[in-house]
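What follows is a walk through one model, taken a helix and a contact at a time. Please keep the sequence and the coordinates open while reading.

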Amino acid sequence: LDPTVKLVQDNPCLTELITSVLALPEPSPSILSFTLRLAGILAASENRFQHLQQEKLLVRLFGRDGPLNSAVWEDASVRSGWVEGVHSMMHHQPALHFLCDGGGIDVIFTLQGDPSLFVASAASQLLVHMLTFSVESETTKPLSTKDCDWPASAQMIIKRIEDSLQSSSASHIEQSLKLLTSLFGSCHATWTEVLWLGVAKQIETFLTEETVQAQHMLANLLLNMAWSPVFCDTGGSFWPLVTSALEHLTPVQAGPLAVGILRIYKCPQDVRIQALTVLLQPMDCILRAASQTLEYAGLLDESVSDPITVESLLSSKSSCVSLLCQTLGHLEELLSLIHLPVDLPYTSLLRSLMTILQFCNGFLSPASPLGSTISRILINCFRVQRSALDVLAALSAKRGCDILIGSLFDVLLAYLESPNTSPTVLKKTFQATSKWLVRLQELSHSNSQQQQTEKILGDVFLVLQKRLCSPSWEVRDSSLEFLTVLIERLRDQDEFRQSLLSSEVPRLTENLLEDPESYVRASAVTAMGHLAFITYFAPESPVAGNQYNKENTVAKLQEILLTDPEGFPRRAVISIFTKWLRQGCTGQLEDTEQFVSRVIQTAEHDLDWEVRLGGLELVKIFCNQTICQLGLSKCPYAPVTSAVSSSIHQNELLQIFCRAKLFSFLFRSLCDCDKPVGQRACDILLVLRSAFHPVSTLEDSQGTGDSPASHGIAWLQRTLRQGSLAQNFPTDGGNGVDFQDPESMMLALGTIDLKELHDELNKSSDHVEKSPQSLLQDILATVGTTEENEADCY
């Protein structure tokens, strides 16, 4: 007996369920939908399909006598279940013929226009699957355009597609174009070209006939075809059609097609140039509109389509902003590519971006009528400003824009200074300015450029001083983030350090540690932490005298960690302390051991689990660095794998770790109510164990069972196994555990089964939530409340 049929015969409840649902005069839509899906899954096997056919179940579910002609078909879940059931069974030819002979093709084509988008999309995907399956399972030789060569089922689908494309119904045309778009995107078999040749002429007319409203769908269709090797590798009529589309589609419709084409390496060069021209046309128009005399050349030598079309779009308030935002988004996408298959005119593009930004803030008075119109439309337009600044930031990585750098900073500084610049646009301006300041430093090699750099930096810090005093907390926050980024990228540059330290920015930043807004306090902490690399940790101070009290700053940060009521500033402090320790700076402040001890004793009792986790990261780095200093590892951050070879080193290490109260923090963290904290603590303890007990096992340590300390360790192991919460943990010395005693901690590392704890902490909750018992409990929980929990139960 066929094992697939045996499943149905051994479980008669399956067919009984289907029969009983079909016997109901008015079945529940959700129950019927479930039955349709179930029957489709069962019928996916050809033998089970035949078995269900003999029982006459499939025709009553999916045929004309089924729910198609009943009132329940009005429910979208039933239509969805029908489509999914058909899709599930469509894995063998009998199912394909059953559907085609029973009029199922007509139903699926109708469902493409279903008011439910889920049903419509599923119907379209089903047709693609059926067409692909029909051709690939029923064809033995390469296809031609003659109908007789296509399998009967495929012929029916293709005929419907061709009829829809030639109909006067816009919705039918759109549905067939969607179907073809999906087909060419998913199937790259050679027969797709044969199908295309049959519809190409009709689709080409959509580009030229203004009465047909299907142009907006052609970009996606042609792009999917362009990515298919069937079309992009052949000459044929495909690329000329792409050229025609770039010419005839509106600039808004052609934009996505143009940027997609520019990403394809196998695209012919003439088509690529044309796509680039389409993309740059709005930018070219902006540049030409800005000057009556055309003192600067535009971006383009010639246009693909009539420039009047673009000009009219930019002259209209309703279309100008959307066209520019779309174009700028496409340009940013291209500039983000590592390898751009085409050269962009970077200098002209930058000039065009500066013009747009000047239009937006009213700093440019164009002489041409078109320029005046565009300027009135764009004034204070946040959307265009943000998009233009994103492209401006991306351009900083490209060569060829250096001659305009002075004018560019004039535009950026105007935005930084203007009270009309919104907080979101200001944030974008800061991001672009930071990238261009890095670029400026790279160019600063001659005396004249150094003077320009110093002037620009002075102007930037002057503006930053004002922004740090802004009444808007978002502006203060963005200003601090900007300062942090600048220090990260430019702290090694003399001009930058001089300009920063001679300004009021460091003092104002320190004042913001007491800002009423927690986000600003957190950003001030981060900025002060990075500022310390210049004011405290630099080999020598770039200015005479030391006006900065480093002990006072560290005390302030430790006070924030201890007392700030919000989590963000405390997280920022622990992050900065970790950064200092990682870069070896804490030894210049005070004894690193005392520093780490003080920080983790504060972090240990913090209510924010991310602060506790940050404290463990601090411990991890401290442990690795300390072990490294004793000559055990060349890399300070590498996990320790070798044993401590010397007992002197062992004792010294243990004493350092015990004095710093590391073990108390680590063992308490194992019982933390937040799982990531326990996991990190266990990882660190395993690393320490591998250092002190490279080959020790639990059996090796059993001989110490009579020592007084071992009783406390046994209690500790039981406590850890029970997973008691940290607040129930006794103080040092309770139950005989002394976390500052090196001998006890050596014993704990060798005795406690940390690997078992590690496995337990890393065990996913799936073993509970996804068990059969859990599923049964969910089902039983719905009894009596079916309506409320029906979806969850299903």
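Begin with helix α24, which covers residues 423-443: Arg439 and Glu442 both sit in it, 3 residues apart, or about one turn of the helix. An α-helix has 3.6 residues a turn, so residues three or four places apart point the same way. The model is a predicted one, and in it Arg439 makes a salt bridge with Glu442, with 3.0 Å between the closest N and O atoms. The two partners differ in exposure class: Arg439 counts as buried because its relative accessibility is 5%, under the 20% cut-off, whereas Glu442, at 49%, counts as partly exposed. The pair also belongs to a network of salt bridges that links Arg399, Asp402, Arg439 and Glu442. Over the whole model, the count of salt bridges comes to 26.

A second pair is found in helix α27, residues 494-501, where Arg497 is located. Arg497 and Asp494 both lie in this helix, 3 residues apart, again about one turn. Their side chains meet in a salt bridge with an N to O distance of 2.4 Å. Arg497 is buried, at 16% relative accessibility, while Asp494 is partly exposed, with a relative accessible area of 48%. Arg497 has a further contact: a polar atom of its side chain lies 3.3 Å from the backbone oxygen of Asp492.

The next salt bridge joins Arg521 and Asp564, whose closest N and O atoms are 2.7 Å apart. This pair links distant parts of the chain, since Arg521 is in helix α29 and Asp564 is in the loop between α30 (550-563) and α31 (567-582), with their positions 43 residues apart in the sequence. Is each partner buried or exposed? Arg521 counts as buried at 9% relative accessibility, and Asp564 is buried as well, with a relative accessible area of 8%.

Helix α29 spans residues 518-535 and also holds Tyr519. At 39% relative accessibility, Tyr519 counts as partly exposed. Together with Trp473 and Phe568, Tyr519 makes a nonpolar surface patch of about 270 Å².

Helix α19, residues 317-335, allows a check on geometry. Its 19 residues should span 27 Å at 1.5 Å a residue, and its end C-alpha atoms are 28 Å apart, so the two values agree. Which residues of α19 are buried? They are Ser319, Cys320, Val321, Leu323, Leu324, Cys325, Thr327, Leu328, His330, Leu331, Leu334 and Leu335. These buried residues pack against α16 (251-262), α17 (269-289) and α18 (307-314), and also against α20 (346-361), α21 (369-378) and α22 (382-395).

The last stop is Asp101, which is placed in helix α7, residues 93-101. Asp101 is exposed, because its relative accessible area of 65% is over the 50% cut-off. In sequence, Asp101 and Gly63 are 38 residues apart; in space, their C-alpha atoms are 9.6 Å apart.

Conventions:
Residues numbered from 1 in each chain as written. Predicted model: local features only at pLDDT ≥ 70, side-chain atom pairs only at ≥ 80, totals over all residues. Heavy atoms only, no water. Helix = DSSP H or I, 4+ residues; strand = E, 2+ residues; numbered from the N terminus. Buried < 20%, exposed > 50% of the residue type's maximum accessible area, 1.4 Å probe, protein only. Polar contact = N/O pair within 3.5 Å; in protein donor to acceptor, adjacent residues only side chain to side chain. Patch = residues over 30% accessible without salt bridge, like charges linked within 9 Å, V, L, I, M, F, W, Y side chains within 5 Å. Areas by Shrake-Rupley, 256 points an atom, 1.4 Å probe, with all protein chains shown as cover. Salt bridge = Lys/Arg side-chain N within 4 Å of Asp/Glu carboxyl O. Expected span 1.5 Å × (residues − 1). Contact = heavy atoms within 4.5 Å.
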